[in-house]
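Here are a few friendly notes to read alongside the coordinates. Take them in any order you like.

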2 protein chains.
Amino acid sequence: MNDKLQTFLNPQGIVLVGARSSVGFGYSIPITLKKRGWGDKLFMVNPKGGELHGKTVYRKVADVPDPVDLAIVVVPAVHVPTTLADIGERGIRYVIIETAGFGEAGEAGIKLQEEINQVVLRYQLRVIGPNCIGVVNNNNGFCSAEIMEEAYPPGNISIIAQSGVFGNILLDKFCLLNLKVSKAVTLGNRIDINECDMLELLHQDPETEVIVLYLEGAADGKRLKETLKAVTADKPVLVLKSGRTESGKRATASHTGSLSGSDSTYNGLFRQTGAIRAESLAELIAMTQVFSTQPLPTGNRLGIITGSGSMGALATDEAVTCGLEVPLPSQETIEKVRAEAPDWMNVKNPLDVGPSGLFGRALEAMTSDPKIDMLLPIITIPYAVYREIITTPAIATLIYGEMRKIRESAPEKPFIVCVVGHDQVKADIELMVGESVPVFESPEIAVKALSALWSYRQRSHPAD
Amino acid sequence: MNDKLQTFLNPQGIVLVGARSSVGFGYSIPITLKKRGWGDKLFMVNPKGGELHGKTVYRKVADVPDPVDLAIVVVPAVHVPTTLADIGERGIRYVIIETAGFGEAGEAGIKLQEEINQVVLRYQLRVIGPNCIGVVNNNNGFCSAEIMEEAYPPGNISIIAQSGVFGNILLDKFCLLNLKVSKAVTLGNRIDINECDMLELLHQDPETEVIVLYLEGAADGKRLKETLKAVTADKPVLVLKSGRTESGKRATASHTGSLSGSDSTYNGLFRQTGAIRAESLAELIAMTQVFSTQPLPTGNRLGIITGSGSMGALATDEAVTCGLEVPLPSQETIEKVRAEAPDWMNVKNPLDVGPSGLFGRALEAMTSDPKIDMLLPIITIPYAVYREIITTPAIATLIYGEMRKIRESAPEKPFIVCVVGHDQVKADIELMVGESVPVFESPEIAVKALSALWSYRQRSHPAD
């Protein structure tokens, strides 16, 4: 069944109902589709007919020629029921309704939503929305949003969001962070298609390796439980769930008409199914950075190398709180570092190298240590010192080591970097380590993301 | 008594013991002091004598002419005891020992630390350190650190940190965030001066309005309790405390030789004394942004204006969890916004204006609402839309309102902004709102910082 839902992400032909010559979705969607290489597959409908962006506007859905298997609806809310009937009559089964003003908008809206439900049942339509911006597929360029970047580099992350704006701004943020998105689907009021349908679709999608889910409330708790269980056996699902409090629930009710259950119920559901819950937007983004770029660890032993004991202590606190260990490195590592270390240096874990200049050597030793499963170098150089000393990339390499090579020497270990302090140092280190190593600004969130990786590893390899 | 501790921040003359011509603290501190306008007040000592940076190097502390009331010690650890005796004999009472390798560095170090304790007692020295970088005073330029920016703009924030690097990187980070620091003091192993002495000093300092404290363990729990109580009655103290876990405690022990008590004891201590504890470095920074720029709220009612229901829900969840309310605005506000709003818009709180273009109008109405005590506008525009629509500052003003004016219309209300999505939007909005309004990337941390402001208001105005 889900195979057909592929139509939403890869239609043969699209009809846009509500195309118009004044500013709005009906004006901009054709421009966006053309820019993204889908102009030839689009047909437009408006009762007034005429032309838009140099192409025919059909007066009725019935007039649109083949092939067309997906409809995008952006007409005013009151016209949606008759529009859906026209679409059903034309034999189109897949519909994205972007118009708002239904279940989320008071009594009149709820009544209107019931009306469209009837039409959906009558014609057996499969519907995303209403009150959404539909889908973005960066693999083939297809996109139903009003305005979208011409091209995002496609990657291994897919997003499911109840909120249209949420999906959109995640795309922006991820792109800036060098995170590459395969598909994004925004669900809105979910009169038909819900997060479970999309989880199943993305479960089967070979281009999706990490699924990011923003949820205001489950459409069907029992099905969500079964679906998450099945999906997380193969792919991590990172969840941000709002409506944790009564006030938050009221906010989501008026947003996408969601009824949220109790927060502890959701906590239990995510824990039992192996989904990873983020406690904030920042945490969701950090986890996505780590899951989309790092391997799963084979153990929970974290090695911390730092130039500041304070950062080592903060990272250690967070690691232990989140279920990681920060054990002594092996005797070999200790001896290796000790041999070069000045007297004042404590060779342990977290390994505070202070201003010894041994950061790179210590990182190398810890990375190759069989007693360490994942690495967190924390760089903490005051900018005035940095500017004075690190005048060339060669000097940076001398001090911090050949980070890219060190990382590549242990591809089976998660390896992320934290740079606390000046943005310029962070930017330089990002270049130095390359795109496959996320660089964080704060030790706690970096550690939290690593611990999520370990949690998921235990879920997906329970027998280990 | 504390008046004399002023000497650390505003000495009449300084002797640097351990000046040297090879790279290190002894070489760089004179350069830094000169750059910051303190070159004429510095005398240098090294048994070899000669010249450094064009100035005389005295062979003995005894040879240094008047006036000199502060010594900075950077000689190797083993020479520190005799150096301190020389300083005591010369009649200098205030000393910053930057050398490491004492209580934090194993048995030999502990023994050496005991030795210097004896000298300190004998000469009744007042000592900051060892194992620190001492002080930075941006009001008069004085600074004992190896390398420091020539000038940071002075402001209302002062920092007390056990860790030298921590103080240094906070200075960098704060500067990038337009946060202005008055003084920073790093304490190291605290053989004499501890956080309580410095809290008392900054309590009396008219240039300090917000105190940021990084603590690994209290030097004297009972005194810390009394001191914090006294200070927080007048000035907020924001605390980041590491050593929350056993492993974290071990890390701090080897860092500054701190013995940390149980974490719940500290939680109780901070709660009872009205100090505000941050749970992470990111939270400490966010709180500093809000405390140093915003007034204390007169109530806990938060108004949220957003273009995305999802962000409104996430912010509301966090607000309620942290003890804030997100109540309905007044009838007048509702009617004002309702009059212009499209049908699909729910006029409530959080106020999701969607793509109505009413962000500024709604923000204005909420800001002037007597039922709202603090404001959090959350801007969530996809970058492709932003680039297409917000082509001039005038258009930004049309949509988001004259944010600077709106903010200034209610100077008694905390007002901070959140921009979720593209960095360019954030940068533009930062220019639009001006330096006195912090702009965050994530709704949860913004709300947490506002709630800390409300907690502190209750502490400092218990009778209200």
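1. In helix 10 of chain B, the buried residues include B:Leu281, B:Glu283, B:Leu284, B:Ile285, B:Ala286 and B:Met287. The list of buried positions also includes B:Thr288, B:Gln289, B:Val290, B:Phe291, B:Ser292 and B:Thr293. That makes 12 of the 13 residues, so to speak of this helix as mostly covered is fair. Please keep in mind that this is a predicted model.

2. The geometry of helix 10 (residues 281–293) of chain B also checks out: at 1.5 Å a residue, its 13 residues should span 18 Å, and the end C-alpha atoms are 19 Å apart, which agrees.

3. Next, the two copies. A turn of 180° with a shift of 0.0 Å along the axis lays chain B on chain A, with an RMSD of 0.0 Å. The copies are thus related as by a two-fold rotation axis. Within chain B, the C-alpha nearest that axis belongs to B:Ala282, at 5.3 Å. Both copies use the same surface, as 100% of the contact residues of chain B recur in chain A.

4. How are the strands of the open sheet in chain B ordered? The seven strands follow the order 3-4-2-1-5-6-7, and the pairing is mixed. At the edges sit strand 3 (51–52) and strand 7 (126–128) of chain B, each pairing on one side only.

5. Finally, a closer look at one edge. Strand 3 of chain B runs antiparallel to strand 4 (residues 55–58) of chain B, and two bridges join them. B:Glu51 has B:Thr56, in strand 4 of chain B, as its bridge partner.

Note on methods. Residues are numbered from 1 along each chain as its sequence is written. Chains are lettered from A and ligands numbered from 1 in the order in which they are written. This is a predicted model: local features need pLDDT of at least 70, side-chain atom pairs count only at pLDDT 80 or more; totals for chains, interfaces and linings use all residues. Two strands pair if DSSP finds at least two bridges between them. Helices (H or I, at least four residues) and strands (E, at least two) are DSSP runs, numbered from the N terminus. Copies are superposed by least squares on the C-alpha atoms of residues with pLDDT of at least 70 in both. Two residues are in contact if their C-beta atoms, placed from the backbone, lie within 7 Å. The expected span of a helix is 1.5 Å times one less than its number of residues. A residue is buried if 20 or more other C-beta atoms lie within 10 Å of its own, exposed if 12 or fewer, and partly exposed in between; C-beta atoms are placed from the backbone.
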